[in-house]
Structures are given as C-alpha cells and as structure tokens.
2 protein chains.
Amino acid sequence: MRLAKEVLQGNIKATARLIRDVEDELPSAIEELKALYPYTGRSYIIGITGSPGSGKSTLIDMLIDVFRKRGKTIGVIAIDPSSPFSGGAILGDRIRMQRHATDGGVFIRSLATRGWRGGLSRATANIINIMDAMGKDIILIETVGAGQAEVDIINFTHTTMVMLVPGMGDWVQTLKAGILEIADIFVINKADKKGADELKAELEAMLQMSAYSPQAWKPKIFLTEAVNNKGIDELVEGIYQHKEFLIATGGHDTHLKERARLELIEVLKSSLMDHVFQIVNKNNYLEKLIDDLVNKRTDPYSAASDIIKKLAQEGKL
Amino acid sequence: MRLAKEVLQGNIKATARLIRDVEDELPSAIEELKALYPYTGRSYIIGITGSPGSGKSTLIDMLIDVFRKRGKTIGVIAIDPSSPFSGGAILGDRIRMQRHATDGGVFIRSLATRGWRGGLSRATANIINIMDAMGKDIILIETVGAGQAEVDIINFTHTTMVMLVPGMGDWVQTLKAGILEIADIFVINKADKKGADELKAELEAMLQMSAYSPQAWKPKIFLTEAVNNKGIDELVEGIYQHKEFLIATGGHDTHLKERARLELIEVLKSSLMDHVFQIVNKNNYLEKLIDDLVNKRTDPYSAASDIIKKLAQEGKL
C-alpha cells in the first residue's frame with residue numbers, strides 16, 4: 001500500500017511506478033489498486049477518438065491549455081496502437097503533448113494496445129482509476145478507435161468526442177449507424193479545409209433523421225482548427241454543457257454504475273480464466289483436450305463444455 | 001446440420017448463410033460448426049498485415065491470380081476495422097477484390113472488428129474453420145494489425161506476411177522488436193518508390209542483428225509492385241518455401257496444436273462467462289455487487305473473487 005498512499009498525495013514518481021507495476025501485472029499492484037479504489041469516481045472522463053491524422057493529439061494539447069487556465073488538473077491516457085504497423089506519427093504526437101510535461105498539473109501516459117494478457121479495457125480502467133485517485137479533475141483518453149477493445153473504452157467516458165476531418169470520403173453515409181451510437185460531440189477539425197461546411201451539413205442531416213427521445217442528449221457539432229487554436233473555447237463550452245446535462249439528468253450516476261459494471265466484468269473474466277487454467281493445467285488435462293482437438297475426437301465447443309461440466313462436478317469452480 | 005452438409009459440398013450460398021448465422025451468434029450455428037470441425041485443419045492459412053494504404057488488397061488480388069493458376073481454391077477473410085473511423089478506403093478495396101467474385105474457386109468475406117460479443121479471435125477462428133471445411137486450399141487473412149485482437153489472429157496463420165512501404169518514417173528503428181516477432185515474410189510493396197532499397201537494407205541489418213537459432217526460419221524479404229503485378233511470383237515461391245520449411249521441421253503440427261489451443265481457450269472464455277452470468281444475474285446478485293462498487297464498499301478485484309468463492313462454495317460452477 002506504500003505506492004497507493006503516495007499516489008493519493010499526488011506524487012508523480014509513485015504514480016508512474018504504480019502504472020508500470022500494473023502494466024507488468026505485478027500481484028502487488030492489485031493490492032495498491034484495491035487501496036485506491038475508494039478514492040475513484042471523481043474525475044470527469046473525456047474520450048477523444050478519430051482516425052490517425054485527424055489531429056487528436058494537437059486538439060488534446062489545446063484542450064489541456066484551456067482546462068489548465070480554468071485551474072483544472074489533467075490526466076491524459078493515449079491508447080497507442082504500438083503494433084509494428086502504426087507508423088512513426090505516434091511518437092511525434094506524444095512528443096508534441098510533452099510540452100506540458102513540466103507542468104505538475106498534467107500527467108500523460110501512453111498505453112500500448114498490445115500484450116495485455118488481461119485485456120486492454122481492464123488495463124485502461126486501472127490507469128483511469130490511478131489518475132482518478134491521484135486527484136486529476138479531468139482525464140482525457142485518446143484512441144484511434146479502430147478495434148473492438150478501443151471501442152469498449154468509450155464505455156468508461158462521460159463525454160465522447162468523435163473527430164472528423166473534411167475530405168475523408170463518403171464514410172459518413174455508409175457508417176453512420178456506428179457514429180451515432182458513440183458520439184456526444186462531433187469535432188470537425190481542420191475546418192479550414194474544403195468540405196468542412198458540407199460535412200457539418202451532412203452530420204446535421206444525419207442527426208435530424210435519427211429519432212432522439214426528447215430527454216436524450218443531442219450530439220453537438222463543433223468546427224475547430226486545432227493547430228491554429230481556433231474553436232477550442234467553444235468546444236470546451238460544449239463539453240461543459242454535456243457535463244451539466246449528465247448531472248441534471250442522472251446520467252452521471254448511470255455512468256458510475258456502468259463503469260463499475262465493466263470493471264467488475266473485466267476483472268471477473270480474467271480471474272475466472274486464471275482460476276480455471278490453474279485447475280485444467282493440472283494432470284495435463286488441457287493438453288489432452290488439445291490433442292483430442294487436433295485428432296478431431298472433439299471440437300472446441302464440446303471440449304469447453306466438457307471442461308465446465310467436469311469442474312462443476314468436482315465442485316472445483 | 002443441414003448447412004454443414006452443404007458447406008462440405010462446397011455450396012457457396014449455404015456457406016455464406018452459415019457465416020451470417022455465426023455472425024448473428026445463432027445457437028444453431030454452433031451445432032453446424034461442431035459438425036464441420038472434423039473436416040478442418042487442411043487449409044494453408046496466410047496472414048497479410050500492414051498499415052492502411054500499404055496495398056494489402058491489391059497484393060491479395062494478385063496472389064489470388066497466381067494461386068488460381070496453380071489450381072488452388074482460395075478463401076479470403078478481410079478483417080475490416082469498420083469502426084466509424086476507418087475512412088472510406090476499405091469499401092473500395094473490397095470492391096477491387098470482387099473481380100474474383102464470379103470465380104467459384106474464390107470465396108471472399110469481410111469480418112467487421114466491432115460488435116463481437118464473443119471476441120474477434122473466436123469469430124475469425126469460426127470463419128477459418130468454415131472455409132477450411134468448405135475445402136479451400138489456401139485461406140488469406142487480411143488485417144490492419146492495429147489492435148490486440150488483430151495481432152491475436154496472427155496466431156491462426158501458417159505464414160505471416162508483414163507489408164511495408166518505403167517512406168513510412170523511422171518506425172523500423174523504433175518498433176523493430178514487434179516486427180521481428182511476427183513476420184515470416186516481409187513484403188516491401190510499392191518498391192518503385194524512393195527508399196525501397198534502403199528499407200530492405202535496414203530490414204536485413206535488423207534481421208542480421210537478431211539471434212536466430214540455426215533451426216529457426218529466417219524471415220525473407222521480397223520487393224513487390226502489386227499494382228504492376230511485379231514480384232508476385234517470387235513472393236509466392238517464398239510462401240511455398242516457408243510452407244515446406246514448416247512441414248519439414250514439424251512446424252505444421254505445432255501450428256495445428258496452437259490453433260486448437262487458441263480456439264479452445266476462446267470458446268472456453270465465452271462459455272465460462274455465459275455460465276457465470278446466468279448464475280450471478282439471478283437474485284440481483286450482480287446488481288448488488290455493482291451497487292457496492294459504486295458506493296465503494298468493495299473494489300472490482302475483491303468483488304470478482306467474492307463471486308468465484310461464492311460459486312465454488314455452492315458447487316455451481
């Protein structure tokens with residue numbers, strides 16, 4: 001619990017250390033996370049998602065400025081597709097944001113999307129909780145939103161912003177169902193580019209067509225030029241409006257509940273698998289089943305159901 | 001089992017229908033998959049991964065030509081990051097490949113990366129098995145390799161090709177560890193672009209530095225211009241060399257075993273969760289725990305361990 005105590009006092013070194021321990025999945029980190037849990041649920045969590053090149057990092061950089069001027073402390077979690085295929089841009093983006101690194105009120109961490117035995121969602125939940133317990137007022141989560149895991153992360157956010165740039169093709173038409181579900185706020189960045197107004201009109205038409213209940217939040221659209229620091233204040237106002245809406249309509253409590261549910265399910269999933277593996281790895285039971293699969297004496301569905309039946313019979317689960 | 005029987009006879013409509021049923025997670029689809037399982041394990045599975053714009057779809061298009069001329073039947077599974085953020089290129093790519101759609105020896109399916117309650121890996125494993133049982137000699141899996149799930153899929157392939165294009169920045173330097181793990185074959189596509197030879201030299205230096213055991217496969221590098229159909233025959237030779245290497249060194253059997261293991265684990269994971277949820281959803285037990293979490297009377301780790309203990313005590317798991 002040594003680290004947890006220091007995290008609660010806002011100690012940056014201890015926090016970085018605990019995040020590393022969580023990443024390395026040290027058992028001691030679980031104990032620290034347990035100790036921190038009572039102090040979570042206070043940060044306002046904002047998701048920023050969009051394709052590479054839409055300008056997420058630059059926008060976050062600008063948002064940090066505005067929030068800092070309002071006296072808010074900030075955590076940033078950049079979900080970084082550090083596969084061999086993500087290109088070199090990511091590193092440059094991180095470096096851009098690091099101009100805030102000397103500001104004690106800003107804490108930035110990249111989280112690789114690979115190698116999370118326990119799942120990216122659980123890893124992200126843990127880092128959110130650490131920054132939350134550390135006392136950050138606002139946590140910004142940046143994701144490229146390409147995979148299922150990244151989309152799951154949106155479930156942890158209070159406000160989700162989807163970033164678009166003009167000239168990205170007719171995907172608004174083809175994929176609109178997915179967008180409508182996710183976005184609380186649309187940010188059309190690089191709004192000086194040709195087609196920004198058309199994109200806005202398209203989005204507005206799309207939103208008009210969809211049947212929102214009178215009580216529901218209707219996604220707002222903001223035009224920004226992040227590199228020129230244009231439109232950022234208006235966007236921040238929009239975020240605060242959404243926050244007030246959530247508080248007024250009980251959405252804030254719903255969010256806390258959904259976040260707790262997700263965390264529980266993620267932890268339960270990996271705990272269960274750990275538990276089951278400890279048992280089935282004994283006596284080569286798993287290896288025997290795999291051998292049966294290779295030799296087509298069974299199939300994965302029957303084998304899985306055999307494992308569960310066997311464990312249930314033996315009262316071992 | 002009606003569909004399974006027709007899939008085994010190579011019926012395209014029945015196969016498409018079963019894949020849809022699998023996507024919709026119909027219980028009947030599980031029975032069909034069980035019936036097909038004995039007929040799996042015969043296809044040669046090739047993974048093709050690289051960033052958007054590296055030319056994967058065009059290369060696959062060309063590979064299909066070469067393999068068809070050699071009399072091979074082909075299945076293609078395009079893992080499609082159909083999030084709202086993937087841009088419009090994907091659809092165009094799919095259409096490009098569809099010139100083979102009238103060829104009965106080619107079966108192409110896109111698989112969205114979103115919305116897989118049971119996980120993308122399991123979904124992919126199922127589609128592979130269906131195409132495998134259908135009698136496809138070769139299955140090509142195209143992924144952008146951005147997320148954990150996409151990387152997991154590489155575990156299902158015999159030969160993994162990583163596509164690079166010149167001028168993508170210095171990521172070879174920064175991310176080389178990840179690449180070395182994954183690739184059996186490097187394809188430098190758009191080899192007419194400036195920097196192709198430098199990229200090849202960089203890769204070669206990288207491979208030289210890494211300590212391969214004398215028995216291990218050393219990744220090969222091929223230069224291609226997919227749009228001009230250049231270098232494809234040589235690449236296909238490289239794939240066959242890797243295949244022969246696998247067969248000669250027992251790697252083929254290891255692959256079948258690893259594939260079986262992964263399938264079992266994926267199915268076990270979702271079966272276990274289904275099983276546990278059925279139990280904890282009774283008597284509002286899960287809701288009570290979530291309420292405890294929100295009110296900080298417990299934490300996710302303690303709550304998950306409580307669930308497992310409770311189920312074990314009651315002999316219900």
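Is B:Ile108 buried, exposed or partly exposed, and how many other C-beta atoms lie within 10 Å? Keep that in mind as we walk through this predicted model. B:Ile108 sits in strand E3 of chain B, which covers residues 106-112. The count comes to 19 other C-beta atoms within 10 Å. A residue needs 20 or more to be called buried, so B:Ile108 ends up as partly exposed. One of the residues to look for from here is B:Ala16: it lies 92 residues away from B:Ile108 in sequence, yet the two C-alpha atoms are 9.7 Å apart in space.

Stay in chain B for a moment and find helix H10, residues 196-209. With 14 residues at 1.5 Å a residue, H10(B) should span 20 Å, and its end C-alpha atoms are indeed 20 Å apart. Its buried residues are B:Ala196, B:Leu199 and B:Leu203. Look down the axis of H10(B) and these buried residues fall within an arc of 65°, so they line one face of the helix. Swing round to the other side and you meet exposed residues instead: B:Asp197, B:Glu198, B:Ala201, B:Ala205, B:Gln208 and B:Met209.

Now over to chain A. It has 14 helices and seven strands, and 47% of its 317 residues count as buried. Take the contacts in chain A between residues at least 6 apart in sequence: 76% of them join residues at least 24 apart.

A good place to see burial in chain A is strand E4, residues 138-143, where six of six residues are buried. Both faces of E4(A) are covered, with A:Ile138, A:Leu140 and A:Glu142 on one side and A:Ile139, A:Ile141 and A:Thr143 on the other. E4(A) runs parallel to strand E1 (residues 44-49), and six bridges join the two. In one of these pairings, A:Ile45 has A:Ile139 of E4(A) as its bridge partner.

E1 turns up again when you reach helix H11 of chain A, since the buried residues of H11(A) pack against E1, helix H4 and strands E5, E6 and E7. H11(A) covers residues 232-248; its 17 residues should span 24 Å, and the end C-alpha atoms agree at 24 Å apart. Buried here are A:Ile232, A:Leu235, A:Gly238, A:Ile239 and A:His242. They cover an arc of only 115° around the axis, so they sit on the same side of H11(A). The face turned away from them carries the exposed residues A:Asp233, A:Glu234, A:Glu244, A:Ile247 and A:Ala248. Just after the helix, A:Gly250 takes a positive phi of about 80°.

How values were computed. Residues numbered from 1 in each chain as written. Chains lettered and ligands numbered in written order. Predicted model: local features only at pLDDT ≥ 70, side-chain atom pairs only at ≥ 80, totals over all residues. Helix = DSSP H or I, 4+ residues; strand = E, 2+ residues; numbered from the N terminus. Expected span 1.5 Å × (residues − 1). Buried ≥ 20, exposed ≤ 12 C-beta atoms within 10 Å, placed from the backbone. Arc of directions from axis to C-beta. Contact = placed C-beta atoms within 7 Å. Pairing = 2+ DSSP bridges.
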